[in-house]
Amino acid sequence: RPGADRAWAGPGGGERDGCQYCQQGLLAALDRAWRRTLIKLALPGTRPAALAERLSEVRDVADRLNGPSGQNLFLQVQRAEDGRAVEYSFHHLLQECLRRQARTELGEGREHALVEAGRWYEQHGEVEAALQCYLDAPDYAAAEALLERAGPGLLAESRYVRLSGWLEALPPEDIEASPWLSYLMGAIRMELAPPSALEWLRLAREGFAAREETANELMVLATLLHFHWYVDADYAEGELLLRASEQLIIKVDPEATRPYRPNLLFSMALGYVFFRGDSRTGGELLDEAFQLTDFRRHPTQETLLRVARTFQCGITSEWTSFMNEIEVAQRSLSDRRITEVARMGVEVMSANILEMVGQFELYALQKDRLIARHEVLATSTMVLPFFYIWDIDEAVARGKYEHANALVDEALNKGLGYAHHLRSQFLHYRALTGSCGGGARGGSRIGRASSTNRWPLVHLPQLRPGRCGPCPAWIF
């Protein structure tokens with residue numbers, strides 16, 4: 001309220017004087033039960049009237065908060081239209097000082113009050129408030145149980161940063177022991193720090209498999225498939241996981257996979273496209289995913305599906321469809337619910353089409369802006385190697401072979417040829433630039449090295465020796 005900060009400051013004008021004033025001038029004059037009640041009410045983030053009744057140690061808490069003793073500069077009452085008190089709020093400095101008194105005044109009662117508040121919030125569907133109370137108590141068992149139940153829903157709402165904070169407040173060994181918590185951690189890391197997701201996802205898969213929870217294992221496999229074409233480009237591992245997904249999906253009732261089925265179909269579709277070069281099956285799975293997705297409720301899923309469709313269209317040279325999908329996806333970026341990964345996907349493919357049609361200045365502008373906006377994601381996933389590949393494309397198109405070769409060296413020195421097919425692609429360009437620059441013999445030698453890097457892929461279905469297979473660079 002107006003004047004509260006001045007009244008709070010006390011004679012010395014500082015916050016510490018205010019806390020002394022709270023302890024000596026306010027709390028000391030209250031009876032013990034009322035003092036303890038006020039301290040308990042300061043612990044949760046919000047104080048609904050019904051929760052105040054539950055935590056109170058005095059019978060007339062509503063009268064005290066609404067009556068003369070509650071009418072002061074440091075307490076506000078939010079009321080319904082009929083005049084009933086709905087929620088109470090303390091001045092932030094008073095709340096902080098009350099919380100400081102909690103351990104001394106309440107002892108073990110502090111934890112009990114926070115757990116009680118958490119249970120009340122949970123019963124009334126306020127998951128985030130409940131989690132915060134459990135973690136502040138701390139009651140890790142209650143927090144973990146609630147995260148296992150409510151976490152997937154929060155994940156679907158893209159609450160990645162909040163979920164990450166709650167999970168990191170838990171003991172790491174507890175997360176490792178829970179397949180659900182490991183999965184949540186892995187799924188969140190895919191959005192915030194992709195390279196660190198793999199071990200959590202593997203732990204989650206192992207845990208669900210040990211419990212014989214096939215539907216949940218399939219859910220994790222979908223995210224693992226996404227990891228291997230988006231982050232580390234390990235197509236051999238991706239193919240093994242795709243086979244495992246094929247075996248599990250026929251064992252599971254489709255109803256059991258309904259909450260995540262569009263995401264499963266999305267990941268398997270791109271598994272077929274990238275790991276097997278099978279754009280027909282990939283396209284059929286994308287068709288089914290589009291039919292199952294409620295675009296109004298899940299705009300991120302729609303955006304990712306449209307980005308996936310551009311991959312498929314690129315492989316089959318359906319460029320009109322490619323550009324149509326990008327145009328539709330671009331319109332979705334005004335929706336704040338779209339996640340950063342989905343936004344970056346649209347921006348990457350937009351940059352790609354600009355480079356392919358020869359709009360090199362616009363391509364460079366789009367690329368630079370994208371990296372500035374999404375630096376962590378762009379530099380820790382497949383995006384960075386392909387920006388080098390497209391830069392090399394541009395240099396070759398302009399006849400700047402020495403510059404193209406320098407870009408190849410830079411990419412390889414940065415370790416961007418970490419997958420066989422990526423290294424093959426960079427060496428392919430080196431052979432091309434060597435030949436175009438007059439070094440035909442050197443170009444032939446490097447070309448053979450490029451072909452050798454394709455060989456580790458030939459054990460995959462539909463691949464033959466000497467063929468690059470489903471290398472995404474074919475698209476571009």
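This is a short walk through one chain, from its overall makeup to its core, its sheet and a few of its salt bridges.

Okay, before anything else: what you're looking at is a predicted model, so please keep that in mind as I go.

Let's start with the overall picture. The chain has 476 residues, and 53% of them are buried. On secondary structure, we've got 26 helices and just three strands. If you take the contacts between residues at least 6 apart in sequence, 61% of those join residues at least 24 apart. And for the surface people, the accessible area comes to about 22,000 Å², with carbon and sulfur atoms accounting for 49% of that.

Right, the inside. Nonpolar side chains tend to be buried together in soluble globular proteins. Here, the largest nonpolar core runs to 145 residues, and the ones with the most contacts inside it are Leu65, Leu167, Tyr183 and Phe426. So which helix gives the most to this core? That's α14, residues 214–230, which puts in eleven residues.

Let me pick Phe426 from that group and look around it. If you skip residues up to four places away in sequence, Phe426 touches a whole set of neighbours, including Pro385, Tyr388, Ile389 and Ile392. Val408, Ala411, Leu412, Leu416 and Gly417 are also among the residues Phe426 touches.

Now the strands. In what order do the three strands sit in the sheet? The order is β1-β3-β2, the sheet is open, and the pairing is antiparallel. That leaves β1, residues 47–48, and β2, residues 75–79, as the edge strands, each pairing on one side only. As a reminder, strands of a sheet pair through backbone hydrogen bonds. Between β1 and β3, the latter spanning residues 85–90, there are two bridges, with the strands running antiparallel. If you want a spot to click on, find Pro48: the residue standing opposite is Glu87 in β3.

Okay, salt bridges. The structure holds 31 of them, and I'll show you a few.

Take Glu57 and Lys40, whose side chains meet at 2.9 Å, N to O. This pair links distant parts of the chain, 17 residues apart: Glu57 is in the loop between α4 (49–55) and α5 (61–66), while Lys40 is in helix α3, residues 32–42. Are the two partners buried or exposed? Glu57 is partly exposed, at 30% relative accessible area, whereas Lys40 is buried at 11%.

Next, Glu302 with Arg306, where the closest N and O atoms are 3.1 Å apart. Both of these lie in helix α18, residues 299–315, four residues apart, so about one turn of the helix. Glu302 has a relative accessibility of 15% and counts as buried, and Arg306 is buried too, with a relative accessible area of 15%.

Then there's Lys414 and Glu410, at 3.6 Å, N to O. Here Lys414 is exposed, with a relative accessible area of 52%, and Glu410 is partly exposed at 35%. Elsewhere, salt bridges with shared partners join Glu239, Arg243, Glu246 and Arg276 into one network.

So, to wrap up: 26 helices and three strands, a largest nonpolar core of 145 residues, and 31 salt bridges, in a model that is predicted. That's me done, thanks everyone.

Terms used:
Residues numbered from 1 in each chain as written. Predicted model: local features only at pLDDT ≥ 70, side-chain atom pairs only at ≥ 80, totals over all residues. Heavy atoms only, no water. Buried < 20%, exposed > 50% of the residue type's maximum accessible area, 1.4 Å probe, protein only. Contact = heavy atoms within 4.5 Å. Areas by Shrake-Rupley, 256 points an atom, 1.4 Å probe, with all protein chains shown as cover. Salt bridge = Lys/Arg side-chain N within 4 Å of Asp/Glu carboxyl O. Pairing = 2+ DSSP bridges. Core = buried A, V, L, I, M, F, W, Y, C linked by side-chain atoms within 4.5 Å.
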